[in-house]
Amino acid sequence: MCRNIHTLHNFEPAATDDEVHAAALQFVRKVSGSTKPSKANAEAFDRAVAEIAHITRHLLDDLVTHAPPKDREVEAAKARARAAVRYQRVPA
């Protein structure tokens, strides 16, 4: 899984259209192997991003959970703490 695609389900407030689009863009970039398509492929690339964003929004709207919504700031703090441990340099 691409590290730049984050979980969007069960957050309060709900994922924005910009977040859904960003996740779709990262997915298409990963699948296509291209961060910026050529002019010949730009239309197909952009169409794929739009379609995946659309389907992702439907998925998020249809998912059901009984868990309480997560807080974005709390989850971001947890991710920063994990990164600090993961990338901590050990003195030589």
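User: Which residues in H2 meet those in H1?
Analyst: This is a predicted model, in which local features need pLDDT of at least 70 and side-chain atom pairs count only at pLDDT 80 or more, while totals for chains, interfaces and linings use all residues. Residues are numbered from 1 along each chain as its sequence is written, and side-chain values use heavy atoms, without hydrogens and water. From H1 (helices: DSSP runs of H or I, at least four residues; strands: E, at least two; numbered from the N terminus), Asp-17, Val-20, His-21, Ala-24, Leu-25, Phe-27, Val-28, Arg-29 and Ser-32 take part in the contact (heavy atoms within 4.5 Å). Their partners in H2 are Phe-45, Ala-48, Val-49, Ile-52, Ala-53, Thr-56, Arg-57 and Leu-60.

User: How many residues of the contact of H1 with H2 are nonpolar?
Analyst: Nonpolar takes in Ala, Val, Leu, Ile, Met, Phe, Trp, Tyr, Cys and Pro; Asp, Glu, Lys and Arg are charged, and the others, Gly among them, polar. Three residues of the contact of H1 with H2 are polar and three are charged. The nonpolar residues number 11.

User: At what angle do H1 and H2 pack?
Analyst: H1 spans residues 17–32 and H2 spans residues 39–62, and their axes are 8 Å apart. The two helices are oblique to each other; oblique is what remains outside under 35 degrees (roughly parallel), over 145 (roughly antiparallel) and 65 to 115 (roughly perpendicular). The packing angle of H1 and H2 is about 130 degrees.

User: Is Asp-62 buried or exposed?
Analyst: Asp-62 is found in helix H2. Between Asp-62 and Leu-25 there are 21 Å in space, C-alpha to C-alpha, and 37 residues in sequence. Because the relative accessibility of Asp-62 is 60% (buried: under 20%; exposed: over 50%; partly exposed in between; 1.4 Å probe, protein chains only), Asp-62 counts as exposed.

User: Which peptide bond is cis?
Analyst: Pro-13 sits in the loop between strand S1 (11–12) and H1. Omega is near 0 degrees for the cis bond that runs from Glu-12 to Pro-13.

User: What is phi of Asn-10?
Analyst: Asn-10 lies in the segment before S1, and its relative accessible area of 16% makes it buried. Most residues other than glycine have a negative phi. Asn-10 has a positive phi, near 65 degrees.

User: In what order do the elements of the chain run?
Analyst: The chain has three helices and two strands. Its C-alpha atoms fill a box of roughly 50 × 45 × 15 Å along the principal axes, and 18% of its 92 residues count as buried. From the N terminus on, the order is β-α-α-β-α.

Key:
Axes fitted to C-alpha atoms, helices over the stretch in contact; angles between N-to-C directions.
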